[in-house]
Amino acid sequence: MKKQDVLQKVKELGLLAVLRGPSPELTIQMVDALVAGGVLGIEITYSTPDAERVVAEVDRKYGDSILLGMGTLTEPAQAQRAKAAGAKFLVSPVCESELVKAMAASGLAVMAGALTPSEVLHAYRLGSDVVKIFPGSLTGPSYVKALKGPFPDIPLMPTGGVSAANVAEWFAAGVVAVGAGSELCPPALAKEGKWDEISRKAAEFVDVVRRARG
């Protein structure tokens, strides 16, 4: 899948599930439950145990039927390893120059983290295709709306603080997509094996996103 196709798919889906799984096996089952509920944008974080193997297994299982990426990149070398594992997009919570340059050099879609206006512009100029506003819980939709004033052409995606209850506000503020973690797929439910409940929450979240975008 070409980078522009990935970016278009991110905009079409509007939702990325951010998974920090408690174990490799449970993370794969979390993906299964989310996909069953209609969530097709999946980000496996490097804070997940054996994250690269998990991505490789999920990629073999689902291929291009889902949009699969890796998140929480903190080291430049992780960019190429994530690509080799099967990631189609890369996400970091930070905007560190060498890291973002390595992510951009991978040829994959890049989402670097930023919070302040200066960081947003810096991330975009370094090659971040979408700027991840993190942590979104510290800012809120009104902050994103304010950022869109000076940066109308920079695609923004909040992660952290995104829930089914406020997702409509985020899209009204002008984001291209949202990243949702424990609000969408609580690790506690995975540990308890409540896969049907995760699928139900996923379906509800997808429906809220669809309605929020008209």
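Student: In this predicted model, what is the relative accessible area of Arg53?

Tutor: Residues between 20% and 50% are classed as partly exposed. Arg53 counts as partly exposed because its value falls in that range. The relative accessible area of Arg53 is 32%.

Student: Which residue meets the side chain of Arg53 in a salt bridge at 2.6 Å?

Tutor: The salt-bridge criterion requires a side-chain nitrogen of Lys or Arg within 4 Å of a carboxyl oxygen of Asp or Glu. For Arg53, the N to O distance in this salt bridge is 2.6 Å. The partner is itself partly exposed, at 42% relative accessibility. That residue is Asp50.

Student: Glu52 also takes part in a salt bridge; how many residues apart are Glu52 and Arg81?

Tutor: The side chains of Glu52 and Arg81 meet at 2.8 Å, N to O. Glu52 belongs to helix 3 (residues 51-62) and Arg81 to helix 4 (residues 77-85), and the pair thus links distant parts of the chain. Their separation along the chain is 29 residues.

Student: Why do Glu52 and Arg81 both count as partly exposed?

Tutor: The partly exposed class lies between the 20% limit for buried residues and the 50% limit for exposed ones. Glu52 has a relative accessibility of 25%, and Arg81 has 38%. Both values lie between the limits, so each residue is classed as partly exposed.

Student: Which residues are joined into one network by salt bridges that share partners?

Tutor: The salt bridge between Asp50 and Arg53 has already been described. Both of these residues belong to the network, together with two glutamates. The members are Glu25, Asp50, Arg53 and Glu57.

Student: How far apart are the closest N and O atoms of Glu12 and Lys9?

Tutor: Both residues lie in helix 1 (residues 3-13), three residues apart, which is about one turn of the helix. Glu12 is partly exposed at 46%, as is Lys9 at 33%. The closest N and O atoms are separated by 3.9 Å.

Student: Which helix gives the most to the largest nonpolar core?

Tutor: This core has 62 residues, and those with the most contacts inside it are Leu34, Ile42, Ile44, Val120 and Leu184. The helix that gives the most covers residues 24-36 and supplies six residues, and it is helix 2.

Student: Which residues does Leu184 contact, leaving aside neighbours within four places in sequence?

Tutor: Leu184 is among the residues with the most contacts inside the largest core. With those sequence neighbours set aside, the partners of Leu184 are Leu15, Ala17, Leu34, Val39, Lys201, Ala202 and Phe205.

Technical notes: Residues numbered from 1 in each chain as written. Predicted model: local features only at pLDDT ≥ 70, side-chain atom pairs only at ≥ 80, totals over all residues. Heavy atoms only, no water. Core = buried A, V, L, I, M, F, W, Y, C linked by side-chain atoms within 4.5 Å. Buried < 20%, exposed > 50% of the residue type's maximum accessible area, 1.4 Å probe, protein only. Helix = DSSP H or I, 4+ residues; strand = E, 2+ residues; numbered from the N terminus. Contact = heavy atoms within 4.5 Å.
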